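Reader: I would like a close look at the inside of this protein. Please take me through how its interior is packed and where gaps remain.

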Amino acid sequence: MRNMEKLEFKKIFPGVWRAGVDFQYPGYNYGGLLERAGVKPFQEGFDKQAETPFPFAEAPRAKQAGGKILFMFPFGGQERLYGLGLVYERLEQTLQVRHLRCDHYGGKDNGRTHVPAPFYVSDAGYGVFIDSASVISFYMGGSVRKDAKNPPPEKNRGRDADWQSAQRSEYVEVSLDGGRADVYIFGGASMADVVSRFNLLSGGGCLPPKWGLGMWQRVNIKYSAEEVKQDAAEFAKRGVPLSVIGLEPGWQSNSYPCTHEWDAERFPDPKEFLREMSGMGVRINLWENLYVSKSAKIYEKLKPYSGTHTVWGGVAPDLCLPEARNLMMDQHRRDHVAYGVSGYKIDECDGFDSWLWPDHAEFPSGVAGVEMRQVYAALFARALDGLYRSTNRRTYGLIRAANAGMSSFPYCIYNDCYDFRQYMTGLASTGFTGALWCPEIRGVKSAEEYVRRFQIGCVSPMLMINSWAERVTPWSFPEVENIIRDVIKLRELLLPYLYTAFADYRFGGLPPFRALCMDFSGASATSQAGVLDSTDNPYALGKMAEIVDQYMAGRSLMVAPVFTGNTRRDVFLPEGEWYDFYSGEALGGGKTISIDCPLEKLPLFVRGGEKGGVIPTMVDGTVSVLCYGEKGSGSFYDDDGLTYDFESGTYYRAALSFVKKGGAVEGTVTVEHDGYRPVPFDFMPIGNGRS
Ligand code: GAL
């Protein structure tokens, strides 16, 4: 055991500091998450970041303790902590204990999650990232040491009404296996600012192709090429926009384990199928998992470059080895991407103890099974990134796992749970962690629920029906088909606004979808005292009342989805100016209002004021800038929506501002970057009689 050491932090970017520990360790040393993802910080984004002071007055420390590396980060006052990956039950992580491990969600937030990102952020204006692919334990301010300078006062449960089982300590303690790890500290004026720097460290956010933000339909597992074509034709006939069709396992000649080769009966001529779909304006996305069947053509060559254990009988490629990656990517290029396949849904890379390899599995690269599980998604997303970049075509897809360092990879997380509230918490929580969440739409019990689910998808990273097990289409409930069509059209209308939000993610790291408390400190949780019950709540644990049924999309839109069965709901309007998106009605701010929720309407609110009130929409090739309030500002980003040319400057960005005079609006467009063709603008006052 070594003595406690003060960590020596070195500034590497404005508001970002790094320190490494390297203790002598006889056991297995884990790789870093950034290294496994192969990403580089986005320097251009950091050039625009302001300097901030180092956030800790007392230096964070490290030592070897209990056979582990232990980090201690000062924690104090009333600060609130968020992050630690994808969560579904509560956003705030203060006083929680999490053992972060990549896994399928098992119904409880306990650290086993699809995105076990070891990054947390405090509302006091700092963030902490432990760059190690180990299983990391976070004790979020509740582990009190006997030599604490200011220990919480001892109480008597038999007499004191304010006795509590959870106690606040002076440190967040973090422990992990191995002898080496890098620690990053981020500063910033707000949580959004801190998280943006974390994303810039991972290369910035992803910018999906424009088609990725359209309507997605995943079809039944047993669909053939003919059935896919029929569905696409039906969309067109009914005037329902459609951008992507996703094929589920049955497109392959074998799945679970996979061949990644087309099923000759269902898809006899994949090249022609892809050509026809492209003619209909529809892209194809392929489901797959990474466990390779004996009947795959690459099996024999791949076998030596795979792990010691099989998954559903297939081999697990060692994605740390170029040989395995190249075999997989060459096959994907030849059999899919060359025909025009637009991307993948990478399933089951999250693990599940009963079918994945065990922790002691070995891979020929020397990477241990336990680490491989933490980074398997990153390794594959990285390989696909290389493949799509080599074609200069962007991709967008789904992945069932991610980790820190993956914000620049264009994938949405999903899982098999279907609870509406958990979906909203998931959506907001991914904003803290450099990931995106897809609130997919599946089989539902009523037309009302169907509409409500579509509405949350409408303002999310991906609007998608996942009909892999059932046969669900936008017209499954004829009585609401028109409403659903309008929801999809609303998403199309908002495309310029959403695309600009993604550009802010790509270039500045700002998450496009964020929990309200990330932007507004008044929107944090309040604790409710717990009610003692000898069976259900023996430690009288309190509950959190936090706002998860409202979230920010882009800089100026606030979404307040409605639960099935509700016809009214409360909406918290943070301090400032707020407007109803549809009517432009000024609603004020710093209060909670109660609103009617007719089925056909997704409650949307526009943040006004000098730095808001501007929503660029697309109407017949013209950017129609919706203007709320008396004056406001915003921005508009555009590029070809397809290629990576934007990375070398082929894009257009303009600052937009307006003032209203009487009923008219005066708009100003200030071009900031003119590397791509400009589009015509039309400034439209919303409210004042027009909507
Ligand atoms: C599940 C996945 C579903 C669907 C299914 C196909 O694991 O979450 O969305 O793709 O596999 O077998």
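Author: What follows covers the nonpolar cores and then the cavities. The model is predicted.

Start with the largest nonpolar core. It holds 174 residues. Within this core, L247 and V459 touch the most other members. Helix α8, residues 369–391, gives the most to the core, with 12 residues. Domain 1 (5–201) and domain 2 (212–505) both give residues to the core, so it lies between them. In soluble globular proteins, nonpolar side chains tend to be buried together.

Now take V459 itself. Leave aside its neighbours within four places in sequence. V459 is then in contact with R491, L494 and L498. Its contacts also include F513, Y551, A553 and V559. L602 and L604 complete the list.

There is a second, separate core of 28 residues. Among its members are F9, L81, Y120 and L176.

Next, the gaps. Searching the whole structure gives 6 cavities of 30 Å³ or more. The largest has a volume of about 80 Å³. Its lining includes C206, I399, A402, M406 and S407. F409, Y411, I413, G434, A435, L436 and Y505 also line the largest cavity. By class, that lining has 10 nonpolar residues, 2 polar and no charged.

The second largest cavity has a volume of about 50 Å³. L84, L86, V87, R98 and Y105 are among the residues that line it. So are K108, D109, N110, G111, R112 and T113. Here the lining divides into 4 nonpolar, 3 polar and 4 charged residues. Charged residues therefore appear in this second lining, whereas the lining of the largest cavity has none.

Terms used: Residues numbered from 1 in each chain as written. Predicted model: local features only at pLDDT ≥ 70, side-chain atom pairs only at ≥ 80, totals over all residues. Heavy atoms only, no water. Core = buried A, V, L, I, M, F, W, Y, C linked by side-chain atoms within 4.5 Å. Buried < 20%, exposed > 50% of the residue type's maximum accessible area, 1.4 Å probe, protein only. Helix = DSSP H or I, 4+ residues; strand = E, 2+ residues; numbered from the N terminus. Domains from an automatic or database assignment. Contact = heavy atoms within 4.5 Å. 1 Å grid on protein atoms, 1.4 Å probe; cavity = no way out; pocket = protein on both sides within 12 Å on 5 of 7 lines; lining within 4 Å. Points joined across faces, edges and corners; volume = space filled by probe spheres on them. Nonpolar A, V, L, I, M, F, W, Y, C, P; charged D, E, K, R; others polar.
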